Amino acid sequence: MNNRISASLMCADPFELKNTLKCLEDNGVDYLHIDIMDGKFVPNLGIGSDYINALKKHTSIPLDYHIMVKDPDSIIDLLDLRHQDLVSVHYESSFQIQRTLENIRRKGTDNVMIAINPATPLCVLEELIYYIDGINLLMVNPGFAGQKMVDNCIKKAEKVARFIRKFKREDIIFEVDGNISFEHAKILNNIGANTFVAGTSSIFCKSDMDKAIKELKTCIK
Ligand code: DX5
Ligand code: ZN
C-alpha cells in the first residue's frame, strides 16, 4: 500500500478553509481527517454533520473519520459514509465493538478501522483483527491538537507492526494519529505505518503549507 497523508481538519484555520482545501488537493493529500468528538468520550467538541456534508460538496478528497464519541452506533447514520472513506471507531467506546464495526461496514465504507488509545493494550485487537481493514494507533490521548506524543508510543507502534505480521495482515491500513511531526513520521514510516495524520506537528505548523506537505512526503517515502 502506498503511504498516505490524512490532513487533520481540526488544525485548519476555518477562515482560510477554501484556500487550505485547494492547497491540499493541489498537493495530492489523500484524506481529510475529521475528528468527531462529543465532549464525553474526549473532553472536546468536534465539527458536526452539517459541516461535514457541506465539506463533501466542496472537495473531492475522501474523508478519514475518527469517531471519538461515547455511543458511536448512535451517530453513524449522520455520516452518509462512502466506500472510499476511512472510518476509525475507538475500541474503548463500545461495549459491543464487533457489532459496532459491522454496523459501520453496513453503512457503505470499505475501510472499517479500530482506533486505540495509548494505554489500551494491543491484545484487545486479537479477536477483531479479521473484522477490520485498519488500525488507527493514537500516539496522544485524543481530543486536542498540539499535544506531545505519549511516551512509549513508538515502541507500541513497533508492537503493532509485529502484530500485523503475526496475523499475516500486511494488507491492513496502519494509521498513526497525534503529534506526527516530520521526525516522528520518518520513524513510524520505517516501522511500517502507512497512513499519517498531519496536523499542527507537520503541515499546519508552517506558513508555507505547500512546502510542509512536500517535506512530509519526503519523510514517508
Ligand atoms: C488528536 C487528533 C489529531 C491530531 C492533530 O486527537 O485526532 O487530529 O492530533 O494533529 P497534531 O497532534 O499534529 O496537532
Ligand atoms: Zn484524529
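Here is a friendly conversation about how the labels used for this predicted model follow from its values.

Student: What should I know before we start?

Tutor: This is a predicted model, where local features need pLDDT of at least 70 and side-chain atom pairs count only at pLDDT 80 or more, while totals for chains, interfaces and linings use all residues. Residues are numbered from 1 along each chain as its sequence is written, chains are lettered from A and ligands numbered from 1 in the order in which they are written, and side-chain values use heavy atoms, with hydrogens and water left out.

Student: Why is isoleucine 180 called buried?

Tutor: Buried means under 20% relative accessible area, exposed means over 50%, and partly exposed is in between (1.4 Å probe, protein chains only). Isoleucine 180 has a relative accessible area of 2%, so it counts as buried.

Student: Where does isoleucine 180 lie, and what does it touch?

Tutor: Isoleucine 180 sits in the loop between S7 and helix H5 (182-191); helices (H or I, at least four residues) and strands (E, at least two) are DSSP runs, numbered from the N terminus. Not counting residues up to four places away in sequence, isoleucine 180 touches Met139, Ala185, Leu188, Phe196, Val197, Ser201 and Ser202, where contact means heavy atoms within 4.5 Å. Its C-alpha atom is 9.8 Å from that of isoleucine 203, 23 residues apart along the chain.

Student: Leu188 is on that list; which residues is leucine 188 itself in contact with?

Tutor: Leaving aside neighbours within four places in sequence, leucine 188 contacts Met139, Met149, Ile154, Ala157, Val176, Ile180, Ala193 and Phe196. Leu188 and Tyr65 touch the most other members of the largest nonpolar core, which has 68 residues. Helix H4 (residues 153-166) gives the most to this core, with 6 residues.

Student: What makes a set of residues a nonpolar core?

Tutor: The members are buried Ala, Val, Leu, Ile, Met, Phe, Trp, Tyr and Cys residues, joined through side-chain atoms within 4.5 Å.

Student: Which residues of H5 are buried, and what covers them?

Tutor: In H5, the buried residues are Phe182, His184, Ala185, Leu188, Asn189 and Ile191. Their cover includes H4, S7, strand S8 (195-198) and helix H6 (209-219). Just after H5, glycine 192 takes a positive phi of about 130°.

Student: What makes His33, Asp35, His66 and Asp177 donor residues of the zinc ion (ligand 2)?

Tutor: Donors are N, O and S atoms within 2.8 Å of the metal (3.2 Å for Na, K and Ca); water is not among the atoms, so sites may look incomplete. The zinc ion is coordinated by His33 (NE2), Asp35 (OD), His66 (ND1) and Asp177 (OD) at 2.0 to 2.2 Å, so these atoms meet the cut-off. Histidine 33 in strand S2 (residues 31-37) and aspartate 177 in strand S7 (residues 173-177) are 144 residues apart, and the pair links distant parts of the chain. Histidine 33 and aspartate 177 are both buried.

Student: How do you know that threonine 200 makes a polar contact with ligand 1?

Tutor: A polar contact is a pair of N or O atoms within 3.5 Å; within protein, one must be able to donate a hydrogen and the other to accept it, and residues adjacent in sequence count only if both atoms are side-chain atoms. A polar side-chain atom of threonine 200 lies 2.5 Å from an oxygen atom of ligand 1, so the pair qualifies. A polar backbone atom of glycine 143 is 2.8 Å from an oxygen atom of ligand 1.

Student: Why is glutamine 84 called partly exposed?

Tutor: Glutamine 84 has 29% relative accessibility, so it falls in between the buried and exposed limits. Glutamine 84 is in the loop between strand S3 (63-68) and strand S4 (86-90). Its side chain makes a polar contact with the side chain of histidine 83 (3.5 Å).

Student: Is serine 93 buried or exposed?

Tutor: Serine 93 is at 7% relative accessibility, so it counts as buried. Its side chain has a polar atom 2.7 Å from the backbone oxygen of histidine 90.

Student: What makes the phi of asparagine 152 worth a remark?

Tutor: Most residues other than glycine have a negative phi. Asparagine 152 has a positive phi of about 75° although it is not a glycine. Asparagine 152 has a relative accessible area of 57%, so it is exposed.
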